[in-house]
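Reader: I'd like to go through this model with you and ask what stands behind the words you use for it. Could you show it first?

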Amino acid sequence: MAKSIKVEFAGAQGDRIAARLELPVGTPRAYAIFAHCFSCSKDIFAASRVSRRLAQMGLAVLRFDFTGLGQSDGDFANTNFSSNIADLVKAGEFLSAEYKAPALLVGHSLGGAAVIAAALEMPTVKAVATIGAPADAEHVQCQFAEQIETIRTEGVAEVSLAGRPFTVKKQFLDDIAGRQLETAAAALKRPLLITHSPIDAIVGVENATRLFSAAKHPKSYLSLDGADHLLSQEQDALHAADVIAAWAQRYVFDDVMSAPPKPDRKGGVVVAETGAGKFQNH
């Protein structure tokens with residue numbers, strides 16, 4: 001069966017980053033990184049369900065807590081959108097050194113915006129997929145709009161995000177100011193899959209339109225009909241993962257795993273495991 005193992009690596013600010021590597025049965029056909037949503041963790045349903053489903057499809061997926069979140073060390077108040085991008089780059093370096101360089105990035109919400117930007121700094125990445133991503137980093141301000149003026153005037157404030165207290169400093173607002181992802185999407189020069197719910201109440205579907213319009217081909221779009229922003233229903237997370245895996249295999253799966261074996265000299269056939277599942281053979 002597929003397995004999940006605990007791993008850790010040093011983040012962009014030198015702190016210990018807690019992560020899980022979801023491994024498929026057999027040899028992974030490619031490695032991927034999953035970036036979670038703003039103020040969330042690697043264990044939120046969307047992150048764990050999508051990552052595990054992708055592992056069932058033959059991908060090894062690293063999901064981790066950004067600095068200062070979940071089980072990772074560091075102070076959230078000292079992080080920002082730029083540090084999230086830098087953590088993603090460090091995650092890629094970790095995979096490259098210990099396993100295999102990541103070929104696919106998948107990001108949810110602000111994590112989706114981060115993977116678009118991070119891919120520009122990660123040459124091994126062959127494709128990028130987003131789930132409910134905003135077209136500009138400043139969008140997250142809507143989650144603590146009432147405290148923005150206090151943060152700007154006093155330099156810091158405690159805000160409530162998903163019912164939990166977080167300290168947000170002015171440097172965070174300065175970092176996301178004017179950070180539009182349309183420019184990064186246009187410069188990506190790699191296949192991009194944008195998935196978004198038309199009824200997303202947190203990040204409106206118009207964000208997907210902006211990103212899709214800015215991106216160059218090959219680009220694809222999946223409408224997550226009926227899903228909420230957090231993909232809280234399991235079937236929505238699994239549907240997103242299934243489509244991402246089917247789309248990604250064209251771009252990121254190792255060629256040797258996708259090519260059928262040649263007939264032997266006696267005119268028979270050679271049967272070989274694909275590595276993608278217990279009962280799947282070429």
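Author: What follows is a round of questions about the labels and the values behind them.

Author: One thing up front: this is a predicted model.

Reader: Fine. What makes the overall size agree with a compact globule?

Author: It's a comparison with a rule. For 282 residues, a compact globule would have a radius of gyration near 19 Å, and the protein has 19 Å, so the two agree. The C-alpha trace spans about 80 × 35 × 35 Å along its principal axes. In secondary structure there are nine helices and 10 strands. Buried residues make up 53% of the 282. Of the contacts with a separation of 6 or more, 67% are between residues 24 or more positions apart.

Reader: Why is E3 called largely enclosed?

Author: Buried means under 20% relative accessible area. Six of the six residues of E3 are buried, so the strand is largely enclosed by the rest of the structure. In a regular strand, side chains alternate between the two faces of the sheet. Here Ala30, Ala32 and Phe34 point one way from E3, while Tyr31, Ile33 and Ala35 point the other way, and all are buried.

Reader: And what makes E4 mostly covered?

Author: Six of the six residues in strand E4 (residues 59-64) are buried. Both faces are covered: Leu59, Val61 and Arg63 are buried on one side, and Ala60, Leu62 and Phe64 on the other.

Reader: How do you know that E3 and E4 pair?

Author: Pairing takes at least two bridges. Strand E3 (residues 30-35) and E4 are joined by five, and they run parallel. In this pair Ala32 stands opposite Val61, and Phe34 has Arg63 as its bridge partner. The chain gets from E3 to E4 through helix H1 (residues 45-56), in a right-handed β-α-β crossover.

Reader: Which other strands pair with these two, going by E2 and E5?

Author: Strand E2 (residues 16-23) pairs with E4 in the antiparallel sense over four bridges, with Leu21 and Leu62 as bridge partners. E3 also pairs with strand E5 (residues 104-108), in the parallel sense and over four bridges. There, Phe34 stands opposite Val106.

Reader: What makes up the largest nonpolar core?

Author: It has 59 residues, and the members touching the most others are Ile33, Leu62, Phe64, Phe81, Leu88, Val128 and Phe144. Helix H3 (residues 110-119) gives the largest share, eight residues. There's also a second, separate core of 29 residues, including Ala103, Ala127, Leu231 and Ala240. As for Leu88, once its neighbours within four places in sequence are left aside, its contacts are Ile33, Ala35, Phe64, Phe66, Ala114, Val115, Ala118 and Met122. This fits a general tendency: in soluble globular proteins, nonpolar side chains tend to be buried together.

Reader: How do you know that Cys37 and Cys40 form a disulfide?

Author: The cut-off is 2.5 Å between cysteine sulfur atoms. The S to S value for Cys37 and Cys40 is 2.0 Å, and a disulfide joins them. The count comes to one disulfide. With -95° about the S-S bond, this link is left-handed, and both Cys37 and Cys40 are buried.

Reader: Then why is Cys142 in no disulfide?

Author: Set it against that 2.5 Å limit: the nearest cysteine sulfur, that of Cys37, is 13 Å away, so Cys142 is in no disulfide.

Reader: And why is Cys142 called partly exposed?

Author: Partly exposed covers what lies between under 20% and over 50%. Cys142 has 48% relative accessibility, so it counts as partly exposed.

Reader: What is there to say about the backbone at Ser39 and Lys189, and is each one buried or exposed?

Author: Neither is a glycine, yet each has a positive phi: about 65° for Ser39 and near 55° for Lys189. Ser39 lies in the loop between E3 and H1. Its relative accessible area is 3%, so Ser39 is buried. Lys189 lies in the loop between helix H6 (182-187) and strand E9 (192-196). At 76% relative accessibility, Lys189 counts as exposed.

Reader: Last one: where is the cis peptide bond, and what is its omega?

Author: The bond joins His217 and Pro218, with omega about 5°. Pro218 is found in the loop between helix H7 (206-214) and strand E10 (219-223).

Conventions. Residues are numbered from 1 along each chain as its sequence is written. This is a predicted model: local features need pLDDT of at least 70, side-chain atom pairs count only at pLDDT 80 or more; totals for chains, interfaces and linings use all residues. Side-chain values use heavy atoms; hydrogens and water are left out. A nonpolar core is a set of buried Ala, Val, Leu, Ile, Met, Phe, Trp, Tyr and Cys residues joined through side-chain atoms within 4.5 Å. Buried means under 20% relative accessible area, exposed over 50%, partly exposed in between (1.4 Å probe, protein chains only). Contact means heavy atoms within 4.5 Å. A crossover is right-handed if, with the strands pointing away from the viewer, the path from the first strand over the helix to the second runs clockwise. The radius of gyration is taken over C-alpha atoms; the globule rule is 2.2 Å times the number of residues to the power 0.38.
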